[in-house]
Amino acid sequence: MLHLSGPPAQAQQRKRSTTRTKSKAQLERERRTTLRRIKETSRILAQTQEKKQASIGQLNALKEKLTVQQGVIRNISTELKTVETDVRQTEGQVQQTQQSLEQLRAEYARMIYAASKTANSYNRIMLLFAADSFNSFLRRLRYVRQYSEVRQAQAAQISATQQKLSRQLTNLNEQRQQKSTLLSNQLTEKKNLISLKTQQDQVVTKLGQQEEKLGQELTRRQQAVQRLDNLIAQRVREEIARAARAAAAARAARANAARSGVRGGAGGTSRTSAAEEDAAASRVNRVTLTPETAALSSSFADNQGRLLWPVARGFISQHFGRHAHPVLKNVVVENRGVDIQTNAGEPVRAIFDGKVLTVSSVPGMNNIVMIQHGEYFTVYAKLRSVSVQEGQVVKARATIGTVQTNSEGTSEVQFQLWRNSANLNPENWLGRK
């Protein structure tokens, strides 16, 4: 009897199948995410193109769409490799099954041929009655029955192997069709990529003809950034000093209460003067935390890498830190936070629980909101409208305003993150979108 595969081989095959299933599931999730990003970016790009003029916002949207498009092609290539591996494995399985089927058929043919010589009823009866004892008769009877059972089992195994082969061939045809579809999709997406690169080159060329205008815009932005930096630094210093004064006053009150208890309420208690409190506060370079604000700070820090984005849709159009200007040669720009390009009218939301520290307006940055989370501060600039007030306690996801759309049709929010007076990279704190 021919055995096609033992339990260890079956276990390994199931393991490989599970691994491939997980891989395909991962690829499917990535595919859905990529399609969503393409849809979002296409909508944002269309808004920047409504003005019929080249802009940095349009260039940023094209770059993002190019990046996503390259991701689509990589995803298809990975999926294609997986399918090609499946095709090769299935082809090998089909070949093995065909060989097994041929061997089974050959064995069955030999068995039928051998049985044909003594297969009639007369020969079987003569075989039984030629036994020289009753025990010999029983043994011959069992032999005749087993021989018949073996033939039936052999026929059943041939039928099962044929069905298995049929399933494998169907699966192979489906995999080959999937491979053909993926190759076609890959070709289409590569054509889309070439088209996007052409559009990008055209926008870069047009922007290159506007160097003077871009230089003026850059100067205005740098001035706006400096004004925003000054405002943030001032408000952080004020909050550090305020918290220090409050802590000093609380300590003084506790000390006075303790002395009063010792002296039985007698006079002569001393108080820390306002000038002394201000002097002490000026020497502090971090927010003095109460138990409540310390817990809030700790919770904020624990969520590093998982914090909400300030907008539900969009992409980072300008990253944190120093980097080359996208058009102007030999010009380096510095970003204290990240610029996130999004849809016109997109709601801007608090990324974590906190208290609104500042609502203000800065020329070039429009409206800004600054929220305190213990010793952490988040800043949301380039807002068209604001829907919160200073001192208001807000929860994560609470809408604090809407994004501004500039004259070129670019809707962009500037987001910054600080810990006391230290500027942090928001990309290390925001979750994967």
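This note goes through the nonpolar cores, the aromatic pairs and a few individual residues of a predicted model.

1. The largest nonpolar core holds 28 residues, and the members that touch the most others within it are Phe300, Val348, Ile351, Val369, Ile371, Tyr380 and Ile400. Five strands each give two or more residues to this core, namely S4 (338–342), S7 (366–373), S8 (376–386), S10 (399–403) and S11 (411–419). A second core, separate from this one and made up of 19 residues, includes Ala61, Leu196, Phe315 and Leu328.

2. Ile371, one of the core members with the most contacts inside the core, has a list of neighbours that can be followed residue by residue. Leaving aside residues up to four places away in sequence, Ile371 touches Ala350, Gly354, Lys355, Val356 and Leu357, then Tyr376, Phe377, Thr378 and Tyr380, and finally Val394 and Ile400. Two of these neighbours, Tyr380 and Ile400, also stand among the residues that touch the most other members of the largest core.

3. The count of aromatic pairs comes to 5. In one of them, Phe300 and Trp429 have their ring centres 5.7 Å apart with 35 degrees between the planes, a tilted arrangement. This pair links distant parts of the chain, since Phe300 belongs to helix H7 (residues 291–302) while Trp429 lies in the segment after strand S12 (422–424), and the two are 129 residues apart. Both partners fall under the 20% limit for burial: Phe300 counts as buried because its relative accessibility is 0%, and Trp429 counts as buried because its value is 8%.

4. A further pair joins Tyr380 and Phe415, whose ring centres are 5.4 Å apart and whose planes meet at 55 degrees, so that this pair too is tilted. Tyr380 sits in strand S8 and Phe415 in strand S11, with their positions 35 residues apart in the numbering, and the pair is again one that links distant parts of the chain. Tyr380 has a relative accessible area of 0% and is therefore buried, and Phe415, with a value of 1%, is buried as well.

5. Beyond single pairs, ring pairs join Phe300, Phe352, Tyr376 and Trp429 into a cluster. Of these four, Phe300 is also among the residues with the most contacts to other members of the largest nonpolar core, and Tyr376 is one of the residues that Ile371 touches.

6. His325 deserves its own point. This residue is placed in the loop between strand S2 (321–324) and strand S3 (332–335), and it counts as buried because its relative accessibility is 13%, which lies under the 20% limit. The side chain of His325 reaches the backbone nitrogen of Leu328 at 2.9 Å, and Leu328 is itself a member of the second nonpolar core. Not counting residues up to four places away in sequence, His325 touches Ile56, Leu218, Val331 and Val333.

7. Two residues other than glycine have a positive phi, and a reviewer may wish to look at each in its setting. For Lys382, phi is near 65 degrees; the residue lies in strand S8, and with a relative accessible area of 10% it is buried. For Asn420, phi is near 55 degrees; this residue lies in the loop between S11 and S12, and it is buried, with a relative accessible area of 7%.

Definitions and conventions: Residues numbered from 1 in each chain as written. Predicted model: local features only at pLDDT ≥ 70, side-chain atom pairs only at ≥ 80, totals over all residues. Heavy atoms only, no water. Core = buried A, V, L, I, M, F, W, Y, C linked by side-chain atoms within 4.5 Å. Buried < 20%, exposed > 50% of the residue type's maximum accessible area, 1.4 Å probe, protein only. Helix = DSSP H or I, 4+ residues; strand = E, 2+ residues; numbered from the N terminus. Contact = heavy atoms within 4.5 Å. Polar contact = N/O pair within 3.5 Å; in protein donor to acceptor, adjacent residues only side chain to side chain. Phe/Tyr/Trp six-rings, centres within 6.5 Å; stacked < 30°, edge-to-face > 60°.
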